[in-house]
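Hi there,

Here is the structure I promised to pass on. Please have a look at it first, and then read my notes below.

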Amino acid sequence: MITDAPVDNHGKGEAFSPTDLVGVGLLTCMITTMALAAEGRGWNLGPFEGDVEKIMASGPRRISQFNTQIRFLDCPLDDEQRKTMEGIALNCPVARSLHPDIVLETQFEYL
């Protein structure tokens with residue numbers, strides 16, 4: 001795997017930074033834990049996709065916030081089942097491993 005620092009932090013910005021990979025890890029952990037939990041319950045989530053935005057702080061340079069969006073494109077679950085899946089995503093192992101100073105904003109959209 002090749003990583004690089006962003007240009008504003010003395011890198012070339014030619015590859016994902018290590019902090020970018022933390023964001024990818026967060027989003028994929030949320031999605032994976034939801035998929036596994038739904039399968040274990042016999043629920044069909046339908047197709048879904050997601051995005052993650054990382055916000056950095058300085059002094060010291062660190063991740064200050066992740067904004068994640070998970071979009072269900074045709075979700076057949078009822079409201080109670082959806083809330084269950086959202087709780088599972090918000091408590092995935094990566095989310096629970098991040099420092100409590102990192103703000104986690106997550107939106108779930110049902111299209």
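The notes below go through the sheet, the helices, the backbone details and the cysteines.

First, the ground rules: this is a predicted model, so local features need pLDDT of at least 70 and side-chain atom pairs count only at pLDDT 80 or more, while totals for chains, interfaces and linings use all residues. Residues are numbered from 1 along each chain as its sequence is written, and side-chain values use heavy atoms, with hydrogens and water left out.

**The sheet**

Helices (H or I, at least four residues) and strands (E, at least two) are DSSP runs, numbered from the N terminus. Two strands count as paired if DSSP finds at least two bridges between them. On that basis there is an open sheet of three strands in the order β1-β2-β3, and its pairing is mixed. The edges are taken by β1 (48-57) and β3 (103-110); each has a single partner strand, so one side of each is left without a neighbour in the sheet. On average, neighbouring strands of this sheet are turned by 10° against each other, direction ignored. For this and the other angles, axes are lines fitted to C-alpha atoms (for helices, over the stretch in contact), and angles run from 0 to 180 degrees between N-to-C directions.

β1 runs antiparallel to β2 (residues 62-72), and ten bridges join them. In this pair, Val52 stands opposite Thr68 and Met56 opposite Ile63. The two strands form a hairpin with four residues between them. On the other side, β2 and β3 pair in the parallel sense over eight bridges, with Ile70 opposite Phe108. Nine of the eleven residues of β2 are buried, so β2 is largely enclosed by the rest of the structure. Here buried means under 20% relative accessible area, exposed over 50%, and partly exposed in between (1.4 Å probe, protein chains only).

**The helices**

Helix α1 (residues 18-41) packs on the sheet and touches β1, β2 and β3, its direction making about 35° with that of β2. Contact means heavy atoms within 4.5 Å. α1 also packs with helix α2 (residues 79-90), at an angle of about 135° and with the axes 8 Å apart. The two helices are therefore oblique to each other; angles under 35 degrees count as roughly parallel, over 145 as roughly antiparallel, 65 to 115 as roughly perpendicular and the rest as oblique. Residues of α1 that meet α2 include Met30, Met34 and Ala37, and among those on the α2 side are Met85 and Ile88.

**Backbone details**

You may like these for a geometry check. The peptide bond from Gly59 to Pro60 is cis, with omega near 0°, and Pro60 is found in the loop between β1 and β2. Gly59, in the turn of the hairpin, has a positive phi of about 75°. His10 also has a positive phi, about 70°, although it is not a glycine. His10 is found in the segment before α1 and is exposed, with a relative accessible area of 79%.

**The cysteines**

How many disulfides does the structure hold? Zero, where a disulfide is a pair of cysteine sulfur atoms within 2.5 Å. The sulfur of Cys29 is 3.3 Å from the closest cysteine sulfur, in Cys92, which is too far for a bond. For Cys75 the closest cysteine sulfur is also in Cys92, at 18 Å, again too far. Cys29 is buried at 12% relative accessible area, and Cys75 is buried at 11%.

Best wishes
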